[in-house]
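Dear colleague,

I am passing on the structure below, together with notes on what came out of going through it. Please read the notes with the model open beside them.

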Amino acid sequence: MPFYVSPEQIIKDKADYARKGIARGRAVVVVQYRDGIAFVAENPSRALHKVSEIYDRIAFAAVGKYNEFENLRVAGVRLADMRGYSYDRRDVTGRGLANAYAQTLGTIFTETNKPYEVEIVVAEVGDAVDEDQMYRLTFDGSVADEHGYVAMGGQADQIAAALGEQYHDGLEHYEAVALGAAVLAEHGAPEARQLDAGQLEVGLLDRTRPGSRKFRRLSAERLREIVGNGSAGDGGEGAPHADSDADGDADKAPGSDADGNGGDNDDGGPVLTQP
């Protein structure tokens, strides 16, 4: 005899399952600063990125299961490339991508047995601070328009509270990175610890960068200068410095990974549709 489970219970079980998976992941913070948006992730891997470029002015950060948010990243690159090629590069917007991600995540959550264990941020840098956009998307397709800062992953509530106490408008990029690294070190685990540059992944959407592509990564050397003698959690901040494009992003296609591979691989992942 078949047994009955109420839709409310099914949704609750799926949500609890996804939240537990996301909470096990290392945290990511996204911080708005005067000239752009900084992405700071606790990530010791040099090959498996949590922070990536999607298009000219748009970047992506995620926590959760790597294979699932990588599928979403690839789908976002494909959608952005197709829209920019079919219409105009200016028609590719962070809001459009966030809507597409919301539809995809919502469909996966309601129509499949296992939801995606992911939480993502889609950010777009504008010509001025008040034109910047940050969208936070959860496993069920819910989308929120964020301002100033966002925290995701393990200990996200504590990290967000710390950011709320220390964040202020008009930060320089190195101040935003130092703030993100400090709160991850202090609140990103049950006990405070130190994070060195090798444990951090940092990307910037820099509106002052010449050309149409605004995303760049910070090198480990530059991170050591910013977080203070190579370790976050000791209150150190770096001085202003002329940054270089650490990973040679200008020579790669949009959405490329660390090895310069594009995102258009046939991995059988989700396909984003234009809303």
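The term to have in mind from the start is pLDDT, the predictor's confidence in each residue, given on a scale from 0 to 100. The model is a predicted one, so local features are taken up where pLDDT is at least 70 and side-chain atom pairs count only at pLDDT 80 or more, while totals for chains, interfaces and linings use all residues. Residues are numbered from 1 along each chain as its sequence is written, and side-chain values use heavy atoms, with hydrogens and water left out.

Confidence and overall make-up

Across the protein pLDDT averages 86, and 84% of the residues reach a score of at least 70. Two stretches should be read with caution: over residues 234-239 pLDDT stays under 50, and the model has 16 contacts (heavy atoms within 4.5 Å) for that stretch beyond four places in sequence. Over residues 246-252 pLDDT likewise stays under 50, with 15 contacts beyond four places in sequence.

The secondary structure comes to six helices and twelve strands, where helices (H or I, at least four residues) and strands (E, at least two) are DSSP runs numbered from the N terminus. Of the 275 residues, 51% count as buried; here buried means under 20% relative accessible area, exposed means over 50%, and partly exposed lies in between, with a 1.4 Å probe and protein chains only. Among contacts with a separation of 6 or more, 69% are between residues 24 or more positions apart. The accessible surface, computed by the Shrake-Rupley method with a 1.4 Å probe and, for residues, with only the protein chains shown counting as cover, comes to about 12900 Å², of which 48% belongs to carbon and sulfur atoms.

The nonpolar cores

In soluble globular proteins, nonpolar side chains tend to be buried together. A nonpolar core is taken here as a set of buried Ala, Val, Leu, Ile, Met, Phe, Trp, Tyr and Cys residues joined through side-chain atoms within 4.5 Å. The largest such core has 30 residues, and those with the most contacts inside it are Val29, Ile159, Leu163, Val177, Leu184 and Leu200. Two or more residues each are given to this core by E1, E2, helix H4 (156-166), helix H5 (173-187), strand E10 (200-206) and helix H6 (220-227), and H5 gives the most, with nine residues. Val29, leaving aside residues up to four places away in sequence, touches ten-odd neighbours worth inspecting, including Phe39, Val150, Ile159, Leu163 and Leu184. A second, separate core of 26 residues includes Ala75, Tyr101, Tyr116 and Val122.Salt bridges

With a salt bridge defined as a side-chain nitrogen of Lys or Arg within 4 Å of a carboxyl oxygen of Asp or Glu, the count comes to 19. One of them joins the side chains of Arg24 and Glu117, at 3.8 Å from N to O. This pair links distant parts of the chain, 93 residues apart, with Arg24 in the loop between H1 and strand E1 (28-33) and Glu117 in the loop between helix H3 (94-111) and strand E5 (118-124). Arg24 is exposed, at 65% relative accessibility, whereas Glu117 is buried, at 4%.

Another salt bridge is formed by Glu42 and Arg26, whose closest N and O atoms are 3.7 Å apart. Because Glu42 lies in strand E2 (residues 36-42) and Arg26 in the loop between H1 and E1, the pair ties together parts that are 16 residues apart in sequence. Glu42 counts as buried, at 7% relative accessibility, and Arg26 as partly exposed, at 45%.

In the salt bridge between Arg89 and Asp56, the closest N and O atoms are 2.7 Å apart. Here Arg89 sits in the loop between helix H2 (66-86) and H3, and Asp56 in the loop between strand E3 (51-55) and strand E4 (58-64), so that distant parts of the chain, 33 residues apart, are linked. Arg89 is partly exposed, with 42% relative accessibility, while Asp56 is buried, with 8%. Finally, salt bridges that share partners join Arg24, Glu68, Lys114 and Glu117 into one network.

A local backbone feature

Most residues other than glycine have a negative phi, and most peptide bonds are trans. Gln155, although not a glycine, has a positive phi of about 60°. Gln155 is placed in the loop between strand E8 (149-152) and H4 and is partly exposed, with a relative accessible area of 29%.

With best regards
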